[in-house]
Amino acid sequence: MIVGVPKEIKNNENRVALTPAGTAEMVKNGHEVYVQALAGMGSGFTDEDYMFAGAKLLPTIEEVYAVAEMIIKVKEPIEPEYKLIRKGQILYTYFHFASSETLTQAMIEREAVCLAYETVELDDRSLPLLIPMSEVAGRMSVQEGAKYLEKTYGGYGVLLGGVPGVTPAKALIIGGGIVGTEAAKMAAGLGADVTIMDVSLKRLRYLDDIMPANVKTMMSNEFNIREMVQSHILIIGAVLIPGTKAPKLITRDMLPTMRPGTVMVDVAVDQGGCFETTTPTTHDNPNFVIDDVIHYCVANMPGAVPRTSTLALTNATLPNAIELANKGWKLACKENGPLRKGLNVVEGKVVYKGVSDAFDLPYVAVDSVL
Ligand SMILES: NC(=O)c1ccc[n+]([C@@H]2O[C@H](COP(=O)([O-])OP(=O)(O)OC[C@H]3O[C@@H](n4cnc5c(N)ncnc54)[C@H](O)[C@@H]3O)[C@@H](O)[C@H]2O)c1
């Protein structure tokens with residue numbers, strides 16, 4: 001199959017969908033890989049790296065779309081790309097269709113085969129192509145939080161781990177899923193006194209078993225949160241209720257009870273945020289202060305570390321990409337149930353229920369297009 005890797009053109013997107021290592025795997029499987037010049041630059045991969053791995057370079061995005069049977073991307077196509085997409089062309093990328101009717105209509109009109117990373121789903125209902133980004137954001141939340149706790153950034157002026165003779169700082173992590181677990185591991189590794197909260201007792205039991213001694217677990221409820229925010233200097237919001245907005249667990253009236261210089265990182269900002277005072281921010285201007293409490297609410301945290309994020313994402317996306325290239329999308333999706341769930345829009349038909357529901361579009365069962 002002819003595989004195309006365009007350079008991402010969405011604002012501030014520095015990731016790339018295929019690494020030189022992934023390119024070499026594709027080529028080894030007998031496929032041709034066309035990479036747009038400079039596609040890997042933002043993630044630290046040069047054109048020479050791709051050529052060495054067996055890719056052919058093309059100077060423009062138009063040429064990549066024109067030649068490829070399958071386009072592998074990171075973000076959803078944006079308006080200038082719509083007209084480049086051909087009938088029957090496979091697009092394997094993050095789409096988040098339910099948040100954009102314009103994108104959905106454009107893909108229906110282009111009659112492409114749209115496989116969305118975010119809806120590929122394993123039998124245990126986990127989302128293997130979203131997990132890597134949660135891992136990155138979870139680990140990063142502590143790194144960012146620790147930075148803003150420094151006095152020069154307006155923070156309380158404490159080192160998370162303390163030093164011999166000085167007690168460590170207290171970190172509160174609300175939500176013990178992927179983000180929360182990775183955040184807890186990082187904070188614990190730095191020596192902080194960590195408490196992780198969740199509403200699932202089963203999850204808390206598991207975390208209690210695997211976490212080091214400086215991580216405690218606690219049931220998440222309003223009473224406990226109200227008490228804990230008064231003594232915890234770094235607070236990380238990491239909750240998710242699938243398919244709905246995040247609940248507002250830290251309310252405005254709790255802020256004056258916190259110490260001035262407390263840092264709150266709302267990783268759940270992309271689901272509306274779990275702090276009442278959350279407003280989405282960007283890497284250009286990541287934080288703001290309310291009632292002397294520093295808020296960090298960047299909606300695409302992995303964007304700050306594109307090399308790590310690219311490697312993490314492509315580790316997860318490559319096996320499916322190779323299967324799609326080896327078998328073609330129909331056979332690959334027939335044989336691979338989790339991958340089949342990634343099909344959202346196929347040759348003009350909406351085959352994912354959530355997308356048809358979001359915009360009241362006719363729904364076609366996925367099996368009927370295979
Ligand atoms: N900002 C970013 O760049 C970025 C990147 C990746 C993920 N995220 C977001 O981070 C959030 C967490 O993602 P995840 O992958 O860890 O999800 P997850 O499903 O693995 O974990 C969510 C956890 O929240 C718990 N929870 C639900 N309600 C709760 C409550 N009231 N109190 C405490 N815990 C509660 C659940 O039991 C679950 O354990 C999501 O909103 C996700 O979209 C943001």
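Start by selecting Cys 114 and showing its sulfur. In this predicted model, the closest cysteine sulfur belongs to Cys 333, and the distance between the two is 12 Å, too far for a bond. While you are here, switch on a surface: Cys 114 is buried, with a relative accessibility of 0%.

Now move to Cys 274. Its closest cysteine sulfur sits in Cys 297, 9.2 Å away, so this pair is also too far apart for a bond. Cys 274 counts as buried too, at 1% relative accessibility. How many disulfides does the structure hold? The count is zero, and a disulfide would need two cysteine sulfur atoms within 2.5 Å.

Next, colour the aromatic rings. A search of the whole structure turns up six aromatic pairs. Select Phe 45 and Tyr 50 to see one of them: the ring centres are 6.4 Å apart and the planes meet at 75 degrees, an edge-to-face arrangement. Both partners are worth a look with the surface on. Phe 45 is buried at 7% relative accessibility, and Tyr 50 is buried with a relative accessible area of 0%.

Then jump to Phe 95 and Phe 97. This aromatic pair is stacked, with 4.5 Å from centre to centre and 10 degrees between the planes. Are these two rings buried or exposed? Phe 95 is buried, its relative accessible area being 1%, and Phe 97 counts as buried at 1% relative accessibility.

Stay with the rings for one more stop and select Tyr 92, Tyr 94 and Tyr 117 together. These three tyrosines make up one aromatic cluster.

Now for lysines placed over rings. Select Lys 147 and Tyr 153: Lys 147 lies over the face of the tyrosine ring, 5.9 Å from the ring centre. For another example, go to Lys 353 and Tyr 363, where the lysine lies over the ring face at 5.7 Å from the centre.

The next stop is a pocket. Select Tyr 156, Val 158, Leu 159, Gly 162, Val 166, Thr 167, Pro 168, Ala 169, Lys 170, Ser 231, Ile 233 and Arg 259, which line the second largest pocket. The space inside this second largest pocket is about 160 Å³. What kinds of residue make up the lining? Colour the selection by residue type and you will find seven nonpolar, three polar and two charged residues.

Turn to the backbone now, starting with Leu 38. You will find Leu 38 in the loop between strand 2 (32-36) and helix 2 (47-52). Its phi is near 70 degrees, a positive value in a residue other than glycine. Leu 38 is partly exposed, with a relative accessible area of 45%.

A similar check is waiting at Asp 292, in the loop between strand 12 (287-290) and strand 13 (293-296). Asp 292 is not a glycine, yet its phi is positive, at about 65 degrees.

For the last stop, select helix 10 (residues 306-327) and pick out Ala 316 within it. Ala 316 is partly exposed, with a relative accessible area of 22%. Finish by drawing a distance line from the C-alpha atom of Ala 316 to that of Leu 361: these residues are 45 apart along the chain, and the line spans 31 Å.

Definitions and conventions
Residues numbered from 1 in each chain as written. Predicted model: local features only at pLDDT ≥ 70, side-chain atom pairs only at ≥ 80, totals over all residues. Heavy atoms only, no water. 1 Å grid on protein atoms, 1.4 Å probe; cavity = no way out; pocket = protein on both sides within 12 Å on 5 of 7 lines; lining within 4 Å. Points joined across faces, edges and corners; volume = space filled by probe spheres on them. Nonpolar A, V, L, I, M, F, W, Y, C, P; charged D, E, K, R; others polar. Phe/Tyr/Trp six-rings, centres within 6.5 Å; stacked < 30°, edge-to-face > 60°. Buried < 20%, exposed > 50% of the residue type's maximum accessible area, 1.4 Å probe, protein only. Lys NZ or Arg CZ within 6 Å of the ring centre and 35° of its normal. Helix = DSSP H or I, 4+ residues; strand = E, 2+ residues; numbered from the N terminus.
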